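Visitor: I am new to this structure and would like to know how its labels are earned. Could you show it to me and take my questions one by one?

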Amino acid sequence: MNLFTKSLVFASSILLSASVFAETFTLTSTDIKSGEFMNKAQEFNGFGCDGANISPQLSWTGAPEGTKAFAVFAYDLDAPTGSGWWHWQLVNIDRNVNSLAAGVEISNDQKALQGVTQIKNDYGQNVYGGACPPVGKAAHRYQFTVYALSQKLDLPQDPSGALTGFMVKSNSLASATIEALYERK
């Protein structure tokens with residue numbers, strides 16, 4: 001074997017072994033699944049919708065080295081606004097937290113969730129706001145995404161969803177998404 005071939009074999013073996021040992025950043029849920037319809041529990045209660053407005057349970061594993069915090073977003077790509085619809089934005093979840101219970105309410109009384117900031121959603125509330133697509137239209141796609149962040153974010157008071165999205169994506173080391181569906185007939 002010549003030196004080039006030996007180097008190529010060596011480099012390939014390192015890459016293969018690294019990919020075997022590298023953990024993939026993954027998001028799972030007991031309440032929602034990619035490509036499947038959400039339950040009425042995840043539907044908003046208001047704006048003509050009468051669901052339970054319960055955020056889904058979410059768990060994540062395999063955060064990359066250097067993760068200092070997490071952010072969780074719920075976003076409707078298909079809202080007829082021209083810019084989608086922010087349903088939920090949580091920022092600065094402690095790096096030691098790897099799940100959120102269904103119906104979680106973020107408060108400073110919960111030790112594990114101290115310091116978490118909930119951004120005002122497009123319903124005008126600082127909580128989870130469930131799905132509420134227009135009646136009789138095609139199913140909407142709801143992306144629930146967890147981001148591993150390189151640092152905790154220093155956001156201004158009452159930031160917009162767009163600014164929050166920019167800051168999170170600018171400081172993201174990795175992300176994982178579940179894209180669930182919902183429609184009202």
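Visitor: What covers the buried residues of helix 2?

Guide: Welcome! Please keep in mind that this is a predicted model. The cover over the buried residues of helix 2 includes strand 5, strand 6, strand 9 and strand 10 (172–182). Helix 2 lies across these strands, running at about 45 degrees to strand 6.

Visitor: Which residues of helix 2 are buried, and what puts them on the same side?

Guide: In helix 2 (residues 161–170), the buried ones are Gly 161, Thr 164, Gly 165 and Val 168. They span an arc of only 100 degrees around the axis, so they sit on the same side of helix 2. As a general point, an α-helix has 3.6 residues a turn, so residues three or four places apart point the same way. The face turned away from that buried side carries the exposed residues Ala 162 and Phe 166.

Visitor: What makes strand 5 mostly covered?

Guide: The count does: eight of the eight residues in strand 5 (residues 69–76) are buried. Ala 69, Ala 71, Phe 73 and Tyr 75 point one way, while Phe 70, Val 72, Ala 74 and Asp 76 point the other way. That fits a general pattern, in which the side chains of a regular strand alternate between the two faces of the sheet.

Visitor: How do you know that strand 5 pairs with strand 6 and with strand 9?

Guide: Two strands pair if there are at least two bridges between them. Seven bridges join strand 5 to strand 6 (residues 85–94), and the two run antiparallel. Strand 5 and strand 9 share eight bridges, also in the antiparallel sense. Both counts meet the cut-off, so both pairs qualify. Phe 70 illustrates this with a bridge partner on either strand: Ile 93 in strand 6 and Ala 148 in strand 9.

Visitor: In what order do the strands of the open sheet stand, and why are strand 8 and strand 10 at the edges?

Guide: Five strands form the open sheet, in the order 8-6-5-9-10, with antiparallel pairing. Strand 8 and strand 10 each have a single partner strand, so one side of each is left without a neighbour in the sheet. For strand 10, 10 bridges join it to strand 9; among them, Phe 144 has Ile 178 in strand 10 as its bridge partner.

Visitor: Why is the link of Cys 49 and Cys 132 called a disulfide?

Guide: The cut-off is a pair of cysteine sulfur atoms within 2.5 Å. Here the distance from S to S is 2.0 Å, so the pair qualifies. A search of the whole structure finds one disulfide.

Visitor: What does that pair tie together?

Guide: Cys 49 belongs to strand 3 (residues 49–50) and Cys 132 to the loop between strand 8 (117–118) and strand 9 (140–149), so the link ties together parts that are 83 residues apart in sequence.

Visitor: Why is Ser 29 called buried?

Guide: Buried means under 20% relative accessible area. Ser 29 has 9% relative accessibility, so the label applies. Its place is in the loop between strand 1 (26–28) and strand 2 (45–46).

Visitor: Which residue's backbone oxygen lies 2.4 Å from a polar atom of the side chain of Ser 29?

Guide: That backbone oxygen belongs to Gln 57. The backbone nitrogen of Asp 31 lies 2.9 Å from a polar atom of the Ser 29 side chain.

How values were computed
Residues are numbered from 1 along each chain as its sequence is written. This is a predicted model: local features need pLDDT of at least 70, side-chain atom pairs count only at pLDDT 80 or more; totals for chains, interfaces and linings use all residues. Side-chain values use heavy atoms; hydrogens and water are left out. Helices (H or I, at least four residues) and strands (E, at least two) are DSSP runs, numbered from the N terminus. Buried means under 20% relative accessible area, exposed over 50%, partly exposed in between (1.4 Å probe, protein chains only). A polar contact is a pair of N or O atoms within 3.5 Å; within protein, one must be able to donate a hydrogen and the other to accept it, and residues adjacent in sequence count only if both atoms are side-chain atoms. The arc is that of the directions from the helix axis to the C-beta atoms. Contact means heavy atoms within 4.5 Å. Axes are lines fitted to C-alpha atoms, for helices over the stretch in contact, and angles run from 0 to 180 degrees between N-to-C directions.
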